Amino acid sequence: MLIKGEKIPAHIGVIMDGNGRWAQMRGLSRVEGHRQGARRTRDIIDAAINIGVDVLTLYAFSIENWNRPKMEVDTLMGLLEHYLMDEVEELIRERAIIFRMIGDRNRLPAKIQELVKDIETRTVNNEGMILVPAISYGGKDEVIRAFRKIIDSGTPVEDIDDKMVDHNLDTSGLPPVDLIIRTSGEKRVSNFLLWQGAYAEFYFTETLWPDFTSEEFLQAIGDYQKRERRYGEINQGGII
Ligand code: IPE
Ligand code: IPE
Ligand code: MG
């Protein structure tokens with residue numbers, strides 16, 4: 001059970017996995033699974049806003065996903081374009097959110113790059129939850145791009161620290177991720193928020209993404225609220 005107003009994770013990341021299996025189990029094409037999966041996001045976004053989450057990062061397309069068959073990649077890009085034009089437009093009309101993409105945007109089709117830039121510009125001054133779609137995103141790739149920026153700026157090596165790396169990541173200015181939820185029964189991180197998730201708590205569920213409900217989302221947060229985060233230290237009140 002979720003306790004309102006108490007220990008709400010500031011930043012939640014969701015690995016939205018299992019669209020393909022959801023479709024295959026029903027004798028449908030994988031594309032249908034992705035379509036259904038995209039529809040599920042709205043409920044989760046609304047639930048996150050309603051309980052006061054500051055940042056919600058949704059892993060929609062990994063840098064490794066570029067290696068899927070061209071037909072699936074093309075379809076996903078088509079779906080993404082429509083999602084940005086319809087669902088995100090509706091969302092920003094109805095709720096004050098800040099939209100901020102992470103990932104290597106240069107690899108995305110020009111039309112998607114334009115749409116993303118436009119939505120980011122139009123929502124940058126909002127005061128609300130920050131919605132972060134991770135598209136063409138890889139944690140390792142993000143760290144490499146950060147180091148390239150740092151080296152390019154001529155920074156002396158002894159000045160490179162935690163803060164500087166943070167500042168040069170795509171997530172610059174955002175808090176570290178507190179809770180990572182992964183659907184579909186896989187228990188791995190698949191290159192998601194590697195740096196930012198150094199001390200993240202995990203919630204794994206067998207539920208496939210198109211079946212994931214806002215109730216289960218709240219249940220995941222309730223589970224998180226019961227955990228004790230120690231960050232390498234010892235729990236208070238323990239006998240030394
Ligand atoms: C997640 O669903 C969505 C993307 C990776 C784009 P999958 O497509 O990975 O679905 P499964 O894991 O094959 O069921
Ligand atoms: C991770 O899912 C990426 C997204 C959900 C967008 P994958 O289905 O690509 O991950 P693996 O291949 O099972 O690790
Ligand atoms: Mg998968």
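**View 1. The residues around ligand 1 in this predicted model.** In this predicted model, ligand 1 is surrounded by Met16, Asp17, Gly18, Asn19, Gly20, Arg21, Arg30, His34, Ala60, Asn65, Arg68 and Leu76. Sorted by class, this shell holds three nonpolar, five polar and four charged residues.

**View 2. Polar contacts of ligand 1.** Two of the contacts shown here involve the protein backbone: an oxygen atom of ligand 1 is 2.9 Å from a polar backbone atom of Gly20, and an oxygen atom of ligand 1 is 2.7 Å from a polar backbone atom of Arg21. A side chain takes part as well, since an oxygen atom of ligand 1 is found 2.9 Å from an N or O atom in the side chain of Arg30. Taken alone, ligand 1 exposes 370 Å², and the protein buries 86% of that area.

**View 3. The pocket and the helices beside ligand 1.** Ligand 1 sits in the largest pocket. The elements that give two or more residues to the shell around ligand 1 are helix 1, covering 19-25, and helix 2, covering 30-51; of the elements, helix 1 gives the most, with three residues.

**View 4. The chain that holds the pocket.** The secondary structure of the chain comes to seven helices and six strands, which follow one another along the sequence in the pattern β-α-α-β-α-β-α-β-α-α-β-β-α. Along its principal axes, the C-alpha trace of the chain spans about 60 × 50 × 35 Å. For 240 residues, a compact globule would have a radius of gyration near 18 Å, and the value for the chain, 18 Å, agrees with this.

Technical notes:
Residues numbered from 1 in each chain as written. Chains lettered and ligands numbered in written order. Predicted model: local features only at pLDDT ≥ 70, side-chain atom pairs only at ≥ 80, totals over all residues. Heavy atoms only, no water. Near = heavy atom within 4 Å. Polar contact = N/O pair within 3.5 Å; in protein donor to acceptor, adjacent residues only side chain to side chain. Areas by Shrake-Rupley, 256 points an atom, 1.4 Å probe, with all protein chains shown as cover. 1 Å grid on protein atoms, 1.4 Å probe; cavity = no way out; pocket = protein on both sides within 12 Å on 5 of 7 lines; lining within 4 Å. Sits in = over half its atoms within 2 Å of the grid points. Helix = DSSP H or I, 4+ residues; strand = E, 2+ residues; numbered from the N terminus. Nonpolar A, V, L, I, M, F, W, Y, C, P; charged D, E, K, R; others polar. Rg over C-alpha atoms; globule rule 2.2 N^0.38 Å.
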